[in-house]
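Reader: I'd like to learn how to read a structure like this one. Could you walk me through it?

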Amino acid sequence: MEKQHFVVDIPMDRRNFIKNSVGALAGLLAVGTGSSLGVRSNEEEAVRWALLADTHISEVLSDNYRGFYPYQNLLKVIPQILSNLPDGVVIAGDLARLEGKVGDYANLKKLLNPLAEKKPVFMALGNHDNRDNFLPVFNKIAGEKQQAGGKHVVVVNKPPIRLIILDSLFYVNKAPGLLGKAQRQWLEDYLGNCDDTPTILCFHHTLGDEDGDLLDVPRLFNLIKPVRKVKAILYGHSHEYGYSEFEGIHLINLPAMGYNFSDTEPIGWVEARLTAKGGDFTLHVVTGDKDKDGCVTKLTWRT
Ligand SMILES: [Zn+2]
């Protein structure tokens, strides 16, 4: 067990050296650990994602709320992400300020361009988005676009993790969200047919029972509870950063990028390093409450 931790915790550039040393040691001891070492190196395979939510970019660059400037916040974050380029960027909805105007998306696209030129950017739609305005602006969407009841659904297969972007936009500029029967049916079929790659779902809405949450949460939970490959859900909406669990499925509420609703909440993004076994999630605070800046949350996937 100890040896396993040793291998997992080493920095990337020393990995080969350590692996060779451990391999040599295993050979000397001749206890048949060769095959388990092979498995271990697969377990080390990781994908890195920059996770954002609630960017709330307006067509008006100076737009602000509670003294926070969403455009300036995102402008500040782009070089941070570029400086340690992840494999991709995920934004969990409420891309636009209020109504999902074409001008909102044009500004968002301009901001994201330096990133999008280098790595794919995947976006879920929230209650302040408009599907009909979003799709023409972001017409070259990376990932595998799915036919799911007219919703914006994308599958991203990036070993060792599969990401499924779902669409909980129900009414533009009204709080509640809904996946809806057609999308849930699509999800059930897809999960029933895909391989066992650990899978993370991403959409905008929160998972409570308030009138402004995702309205079909119980149906979604019933659907994914027995599907063991579903390991976590990423979402936004609350403008609060937090972790909880349902039946061993990690529920990760990403902080807002645009503004908070409470002084005790950070405004920023999360850097995720994901393996087949779990993930490390590092908070990067831009403004708001800076108390948890740099904090790393380590999660283990259910089996
Ligand atoms: Zn929001």
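Author: Here is a short tour, feature by feature.

Author: A word on the ground rules. This is a predicted model, where local features need pLDDT of at least 70, side-chain atom pairs count only at pLDDT 80 or more, and totals for chains, interfaces and linings use all residues. Residues are numbered from 1 along each chain as its sequence is written, and side-chain values use heavy atoms, with hydrogens and water left out.

Reader: How many helices and strands does the chain have?

Author: Helices (H or I, at least four residues) and strands (E, at least two) are DSSP runs, numbered from the N terminus. Here the chain has 8 helices and 13 strands.

Reader: And what share of the residues is buried?

Author: Buried means under 20% relative accessible area, exposed means over 50%, and partly exposed is in between (1.4 Å probe, protein chains only). In this chain of 303 residues, 51% are buried. As for accessible areas, they come from the Shrake-Rupley method with a 1.4 Å probe, and for residues only the protein chains shown count as cover. The chain's accessible surface is about 14000 Å², and carbon and sulfur atoms hold 51% of that.

Reader: What part of the contacts links residues 24 or more positions apart?

Author: Contact means heavy atoms within 4.5 Å. Taking the contacts in the chain with a separation of 6 or more, 66% are between residues 24 or more positions apart.

Reader: Can you show me some residues of that kind? Where does L51 lie, for a start?

Author: L51 is in strand β1, which covers residues 47-52. Its relative accessible area is 3%, so L51 is buried. Now look at V270: it is 219 residues from L51 in sequence, yet their C-alpha atoms are 5.0 Å apart in space. Setting aside neighbours within four places in sequence, L51 touches V90, L234, L254, W269, V270, A272 and F281.

Reader: And A232: which strand holds that one?

Author: That's β8, residues 230-235. A232 has 0% relative accessibility, so it counts as buried. Beyond its neighbours within four places in sequence, A232 has contacts that include T199, I249, H250 and W301. A232 and W301 are 69 residues apart in sequence, with 7.7 Å between their C-alpha atoms.

Reader: Now for helix pairs. At what angle do α4 and α5 cross?

Author: Axes are lines fitted to C-alpha atoms, for helices over the stretch in contact, and angles run from 0 to 180 degrees between N-to-C directions. Helix α4 (residues 70-83) and helix α5 (residues 102-116) have axes that come within 9 Å and cross at roughly 15 degrees. Angles under 35 degrees count as roughly parallel, over 145 as roughly antiparallel, 65 to 115 as roughly perpendicular and the rest as oblique. So α4 and α5 are roughly parallel to each other.

Reader: Is their crossing left-handed or right-handed?

Author: A crossing is left-handed if the near helix is turned anticlockwise from the far one by less than a right angle, and right-handed if clockwise. The crossing of α4 and α5 is right-handed. On the α4 side, Y71, L74, L75, I78, I81 and L82 meet N107, L108, L111, L112, P114 and L115 of α5. This contact has 11 nonpolar residues, 1 polar and no charged ones. For those classes, Ala, Val, Leu, Ile, Met, Phe, Trp, Tyr, Cys and Pro count as nonpolar, Asp, Glu, Lys and Arg as charged, and the others, Gly among them, as polar.

Reader: What about α7 and α8: which residues meet there?

Author: R184, L187, E188 and L191 of α7 meet R219, L220, L223 and I224 of α8. By class, that contact has 5 nonpolar, no polar and 3 charged residues. One member, L223, is buried at 13% relative accessibility.

Reader: Last one: which backbone angles should I look at?

Author: Most residues other than glycine have a negative phi, and most peptide bonds are trans. H56 is not a glycine, yet it has a positive phi of about 50 degrees. You'll find H56 in the loop between β1 and α4. D94, not a glycine either, has a positive phi of about 55 degrees, and D94 sits in the loop between β2 (88-92) and α5. As for the peptide bond, P159 and P160 are joined by a cis one, with omega about 10 degrees.
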